[in-house]
Amino acid sequence: MSQVREFNPPANIKDFPIGSDLYKEWNSYLTDSFSENIASLITDIGLQGHEITFFDPRFIPNGDHLTQSVPWNGFPKALALRHNKPEAYRLSDKLATFGFKDDLGSTRGAKYSDMEGRNPLLWNYRQQDEYLEWAIFKDEVTGKIKEIIFTCEGPEYWEILSKDPQLLLRLYEKYTNNSIDQNDLYLEHNVYEVDENGNIVPDPVYKKGDYNRYNKWNMKYAIHLSHPSNTLGAEINLAAFSSVIRKNKDDIIITDASSLICCSAFGSPNRFSDPTIGGNVNSVSRNGNWVTLKDPVGLYIAEIDSSRFTKPDGSIISDFTERYWNVLRGSEDGSMILRVSLNVPEGETHNGEQLLLGDLLVNGQPLNYGGQVAETITMKLFALAVTGGPSSTPKYCQQKCCKDLEYPNLDNIVDIKKACPIINPIQSTSNTQLEFNMDIIETSFKTRSKIDSRFNK
Amino acid sequence: MSNRDIIEPVLEVHEIQGNIIPGFNKDHLVLIGYTVTNISKAKQWFDFISKHISTLYEVYNFNNVFKSIKNRKRGEPDEISSTWTNLAISYNGMRKLIDNLQEIDNFLDNSFKKGLSFMSSISLGDPNDLTSPGDSRNWVIGAKNKRSDHPNGLPDILLIVASDQVELLDKKVEFLKEKAEEYELINHYLEYGHDLSFYGDESRRGTEHFGFKDGISQPGIRGRVSADFNKFLTDRKKDQQSNPNIPELSNKGRPLIAPGEFILGYPIQNENHPRDAELSRIIYPKFLLNGSYVVYRRLNQDVMAFERFIKREVEKIILNSNLINMTEEKFKAFLVGRWKSGAPLSLSPEQDNPDLGSNQFENNLFDYDDDPRGLKTPAFSHIRKINPRNLSEQGGSGLVLKKMILRRGIPFGDLVDPLNASSNSKPRGLLFLSYQASISDKFEFIIREWANSKNRPHNPLSPNGNDSGNDFIIGQNVSNNRIRSGYIQYLTNGRSKEHEIKTQGLDILDWVTPTGGGYFFCPSISSIKLISTL
C-alpha cells in the first residue's frame, strides 16, 4: 500500500472544512460503503479476499496508476426505448410519484402516509435515472423555458450536510434564491408505508426530524438527485460488483457490457450509464488491474455539446458555453461539474425581445423540454486502475436477462434458473407477465442499493 | 410471422435499389443533380426513369457472376461489365413532386427534412466561417440558403450512375442528359468519381487520397434473397462462436445486422441482444417501404496539409517522447487504426502486413478487448472512433451495431503529385455516400457523438485520465477553434506514458473539408413509379 489518506467531498467542494465533523461523517460514509461492498464480494459472490480487484481508494496498491474517464449520455435511455422521441422528451420533464408506476416502467418505493393514515403523502421524484436530473423554469408570460438547472449530486452527501441545519439552510437558500423555512427540509412527523391493502405498516420508514430528500425545494430546484437509483451508494456498488470477472455456462469469459450487467445485476441494462460504467470497470479488472473509483468519488457532468444549439433563425450562437452554461457547483478547475444552470443572459435579444432558452433550437428543433438539453450532456465518472492486480477465478452468472414482453428492446433481469417468457411478436402481451418482470427489477434494485438504505430507514 | 421471418426476413429484391444493397462497387461513378421546373413533365420522367433503376436483385446477381469470374481468373474480369443507375430525392424535391406530402411527413427523418447544409455546423461540426470553403454557405453543391435551381443549390433529384467502364458511363450520362432535357429537368450538377487506379497506378486500387485502403469494414446484412430457407443475402462465417451475446459474423468477419437498420420497413436490430431482431415500432407508410436515406457528402482532402501535419507531429514525438522509433507510416496508422494496406493495428501492431490487409476474410476479425489503453490502436484512431466494435458504449455493445451505416463512397479528383506542389491545389477527395434508415440516429450520431467528440465513444486508461481525443481524419471541431487533439499511450520500462497530439499552430487545421452534399431519400422502385401518378 503506497498511500493512506482520506476521502474528499465530491468535486473537492468546500462546503465544510477538512477535519470538521461533517468531513468525518463523509469519510465514515464512504469508508463504510467501500468496506461493505468489498465484504459483499466475499459473502454474496464467493470471491476469496486475495482475488478481489476492487479496492478502497484511500489505500492504493503499488503499481502504475491509470485513470479512465467513463462517459455516458444524460438522457434517460429507458424513456427513449419505451416511447417515441418527442414523447420521451416530454415525459422526461415530468415528476413521478412514489408508489405509482412511473414512465420508466417501475414502481418505486411505496405509497406513504403520516401517522394513522390521516394524510397520504404523494412524494415525487424525477424520472431521470442516468445520474443527471434537472429542473425547468418557465417564463410566466410566454410559457417558454427560461432556465434549466442540472444536478448530479448524490443525496447521501446532502444527508450529511443535513447534520448541520444552518449549513443546509444556507446552501438551499443560496441555490434556490429563496428564503426557506428550515422545517421544509426536515420531516415534521414520522412517515409510514401503506401496504397493498391500504394498511399502515407500523414501523416508520422515515422518522420525524429526518432530512427529507424529496422536500419541495429539492423537487423544484433540483438541489440534488432524487431518483431512487441515482445515489453514490449505487455508484460504488456498481463499481464493486462489475469488477467481478464473469464466465458463461460454456466457461467463456464474458466481455460485452450488456451480458455483464445481466449476469451480475449491478444496475439496469436499460440505461446508458450502468452498463457503460460496469463494462469499463470490468474491462479494467479482467485486463489484470486493480480497480476502484477515483477520489473524489462522485458522478460528474462533463460537458454540453454547444454546437447543437442555434438561435431561432438557425444561426450559430457564439461562446455558448461561456455565456449560457453557468457552473454553480464543481471543482475549481472545471473538470468536475456538480450543478449548472443553462439560461440566456439578460439583455440578449432576438427581434427586439429578450431571447429565452425556449426560443432556441436544439438539433434544429424548438427547445421545449429539458430532456432535449439533457441529451446533449455527457456525464462521467473516474475509474482508477493500478497495474499488477490479482488474478481472480471467473464466476458463473447468478442472473440473466429476458427481453421485455411489451418492449423487446428492454431487458429484464431474472434469476439464471428461470425460463424467459416466450415472445410472440404478433400476439399482444400479457400484462400479468409484465408486472411479474417489473417486480424482479425492483427486487434487484433493492438488493444492490442496500448500502444506501441507511438513509431510508 | 415466424421468428425466422423477423431475424432473416425475405427482402423485396425487386423493390430495393441496388446501390443500397449490395452496393454498385464500380470503378467509375457519376452523380447527376436535377432541378424540377415543370412538375407534370418531371412526374412523367419518373415513369421513364423507373425502368432504368437497377435493383438489389440485378446488382446482387451480377456481383456474384463477377466474383465467380474474378476467383477463376484471379484478376479483374473483362468479360462482363454493367452500368447501374439509382435515384434519390431531396426533401425539397418531395415537396415539389408529392401533393399529399403531409401524409408521410411525420414519418420522415427530421435531419432529412432540415437538410445537410442546415445540420452541417449544428450536428456535424463543420466550419462556421464564411472565409472557409467548408462553411455550408460556400459549398459547391447543396449550399445553404441557395435555391435548388442555383448552380450551387441542392438538387431535387440525385442520380447515382456507376459503371465498370468509363466509356459506358459517359454513354449513359449522355443518354440521361437527353432525356432530362426532354422532360425539362435542369441538370446543374455532374460530378465524377473514379477508383484511384484509374489514374495509372494499380497499387492505388481501393485506396483514398491519403493512401489508405478504404471501405474495408462494412456491416453484413441479414435477410434472404428468396423464400428459400437458407438463401441468405450475406454468406455466414462457418467456424464462429455460438455465444449469443456476440454478433454473428459474415464470412468476411462483418457483424450481421438486421436489414431494418438500413431499409425502412424491415425488422430492426435488438438493442441488447446482437443476434436478435425486432419488428420496428414504426409502421411506415407504403411509399417509404423498401427505401433508405442517402447521405452524400463531398469531402475535399488536402493531401499535402495532411502530410505536413504528419511530419511535424512525428518530429515532435521523437523529440519529446520516448517513442524514438516513430515513423510517418506508423503515425499515420495510429491516426487511421489501420496500415495503408488495410491491415489493422490491432492484429499487426508493429508493421504493415499487406497480405493481412488484402485478406478480406481476416482483416476485419478483431476487437479492442485486449487493448483498453489504446496501446496498439489509439482511442483516437479513426476506425476505433467511428466503430468501437465491442467496447461498452451508451449501454452496451448492442448500440454500436445499431449505428452502422452502408458506405458507398468513391474518390474524386486525380492523384496528387508529391513533387509538384501546385498539383495539391486541385480539388480531390471523397464522394462520401452512405445509406441508413435514419440520418439523425446513425450518420449524424457517428460524426457528432463519436468522431467529433473528444471523450466518446470510449476513453482509454491513461496516466492522467485524458479523453480519447478527436478523430484526426474526418473529425470536425467547430466548438474549439477547430483544434483537434488526442494522446498516444505507450509504455517505457513498464511505466505508462502519454504524448499529446494537437493540430494547434498549423497553417491549415483541416485536411478533410466538407465542400458540398445533401440528404436524400432513395425510394423503392414502386414508389418511383408512384411519383409519376401522384
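These are my notebook entries on the overall form of chain B and on some backbone details in chains A and B.

**Entry 1, overall form.** I kept in mind throughout that this is a predicted model. I began with chain B and found 15 helices and 15 strands in it. I then looked up its radius of gyration, which is 23 Å, and this agrees with the value near 24 Å for a compact globule of 534 residues. Along the principal axes, the C-alpha atoms of chain B fill a box of roughly 75 × 55 × 50 Å.

**Entry 2, inside and surface.** I noted that 62% of the 534 residues in chain B are buried. Chain B exposes about 20300 Å², and carbon and sulfur atoms supply 49% of that area. For charge, I found 67 positive and 67 negative side chains in chain B, with the centres of the two sets 2 Å apart.

**Entry 3, cis peptide bonds.** I looked up the bond from A:Asp295 to A:Pro296, which is cis with omega near 0°, and I placed A:Pro296 in the loop between strands S12 and S13 of chain A. The bond from B:Arg456 to B:Pro457 is also cis, with omega near 10°, and B:Pro457 sits in the loop between helix H14 and strand S13 of chain B.

**Entry 4, positive phi.** A:Ala265 is not a glycine, yet I found a positive phi of about 50° there; this residue lies in the loop between helices H8 and H9 of chain A. Its relative accessibility is 9%, so I count A:Ala265 as buried, the cut-off being under 20%. B:Asn493, likewise not a glycine, has a positive phi of about 50° and lies in the loop between S13 and strand S14 of chain B. B:Asn493 has a relative accessible area of 77%, so I count it as exposed.

Key: Residues are numbered from 1 along each chain as its sequence is written. Chains are lettered from A and ligands numbered from 1 in the order in which they are written. This is a predicted model: local features need pLDDT of at least 70, side-chain atom pairs count only at pLDDT 80 or more; totals for chains, interfaces and linings use all residues. Side-chain values use heavy atoms; hydrogens and water are left out. Helices (H or I, at least four residues) and strands (E, at least two) are DSSP runs, numbered from the N terminus. The radius of gyration is taken over C-alpha atoms; the globule rule is 2.2 Å times the number of residues to the power 0.38. Buried means under 20% relative accessible area, exposed over 50%, partly exposed in between (1.4 Å probe, protein chains only). Accessible areas come from the Shrake-Rupley method with a 1.4 Å probe; for residues, only the protein chains shown count as cover. Lys and Arg count as positive and Asp and Glu as negative; His and the chain ends are not counted. The place of a charge is taken as NZ of Lys, CZ of Arg, CG of Asp or CD of Glu.
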